[in-house]
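Welcome, and please open your viewer for a short walk through one protein chain. Keep your selection tool ready as we go from stop to stop.

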Amino acid sequence: MAENVVDQLFSNLRQSMPECTAVRLVGHTPKSEYYLYEAVLEFPEKQERISAKIYRAKGKESSKAQARREYENLLEVQQAFEKRKITGAPMPLGDFSELGAVITLKVPGLPLQSIIMKAALLPGYADHKGLRKSATAAGEWLRSFHKTLAQGAIVLDTAAVLKDLQAVAKACKREGLEDGDMQLILSGAEQSLAKATKTTAASAVLHEFTPLNISLCDGRVFLCDYSGMEATGMALLDVGHFMAAIEALEKYPFCNREITSSMQEDFLAGYGVTASDRAVVRVLKMRELLRMFAAGRNVKDAAVRKKVMWANVMKKFIHEAANRTLSQAA
């Protein structure tokens, strides 16, 4: 079915661009929530690479609704960025939400996830200077995004954060989280939030600011996914989400603590996180890590051995992360 939609999408795209002589498909990646197609638009004197995301229906939300939301998010971000002369968002090529799709120019550069893997695996990247610059640039870009789409300040609801953290921790307990680790996380979070200020910055929140979605080109940062963006929320949610995504890379043999810790510090410095905000970020990061643990590994039910191995790896990782992140606060 997705292939039929692609044919229709490319036909509509060519009709909207009379100067385009051909649309050539070059890649296809199926994901859990959508299909991602990459193609090249052929013009008489140039080529343009594009990304076409075709959504799958998710629960009660149709593919059209998901595509419409992302398209509107992209328009809002583009308008805000143009006023502040900021780059970093893919340009939509039209409204294709009736087909459950979003088509944009492909963002340039190399994904941050690939940069991290190169730094971990290749001898030429041993000094990690490029990696640290990338982390700082990511922090600076996210700060610019939050300032551009700022919504003033909101009250930090510490009770709600702790309640949510407790619920996620209980879900992780069913996956094997030790009682001692759960107690350390909850008590450490309570102590950390007690040191935080009563209000925090509000802004549009991305929810998808991760190394997989970030690309870097000539020192500039680009984010390719705005599907989960909300108009108003706690800006530090994006900071905690990114920090958790970086720290979670320690689960893999190619990535070590030296890389992830330096990246997190450089990212925080680039963003300009205050001492008070750091206490909140520690809790938000731990909550995201616990959510990863509770979600489990996306494998077939028959692959019991893989699920058990994943749970054991995550249990050890969460134990170490809790002791690093919240043990002093507790």
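This is a predicted model, and in it 19 salt bridges are counted. Side chains of opposite charge can pair when their charged atoms come close.

Begin by selecting K106 and E38, whose side chains form a salt bridge with N and O 3.1 Å apart. This pair ties together distant parts of the chain, 68 residues apart: K106 is in the loop between β4 and β5, and E38 is in strand β2. K106 is partly exposed, because its relative accessibility is 33%.

Next, pick K285 and E247, another salt bridge, with the closest N and O atoms 2.8 Å apart. Here K285 belongs to helix α9 (residues 275-295) and E247 to helix α7 (residues 236-247). Are these two residues buried or exposed? K285 is buried at 7% relative accessibility, and E247 is buried at 0%. Now highlight D164, R287, E288 and R291, which are joined into one network by salt bridges that share partners.

Move on to the sheet: three strands in the order β5-β8-β9, open and paired antiparallel. β5 (110-111) and β9 (220-223) are at the edges with a single partner strand each, so one side of each has no neighbour in the sheet. Zoom in on L110, and you will find its bridge partner L216 in β8. Then show helix α4 (residues 129-148), which lies across β8 and β9 and runs at about 65 degrees to β9.

Finish on the surface with M117, L121 and L122, which make a nonpolar patch of about 260 Å². L121 sits in helix α3 and is exposed, with a relative accessible area of 52%.

Note on methods: Residues are numbered from 1 along each chain as its sequence is written. This is a predicted model: local features need pLDDT of at least 70, side-chain atom pairs count only at pLDDT 80 or more; totals for chains, interfaces and linings use all residues. Side-chain values use heavy atoms; hydrogens and water are left out. Patches are made of residues with over 30% relative accessible area and no salt bridge: like charges are joined within 9 Å, nonpolar side chains (Val, Leu, Ile, Met, Phe, Trp, Tyr) within 5 Å. Accessible areas come from the Shrake-Rupley method with a 1.4 Å probe; for residues, only the protein chains shown count as cover. A salt bridge is a side-chain nitrogen of Lys or Arg within 4 Å of a carboxyl oxygen of Asp or Glu. Helices (H or I, at least four residues) and strands (E, at least two) are DSSP runs, numbered from the N terminus. Buried means under 20% relative accessible area, exposed over 50%, partly exposed in between (1.4 Å probe, protein chains only). Two strands pair if DSSP finds at least two bridges between them. Contact means heavy atoms within 4.5 Å. Axes are lines fitted to C-alpha atoms, for helices over the stretch in contact, and angles run from 0 to 180 degrees between N-to-C directions.
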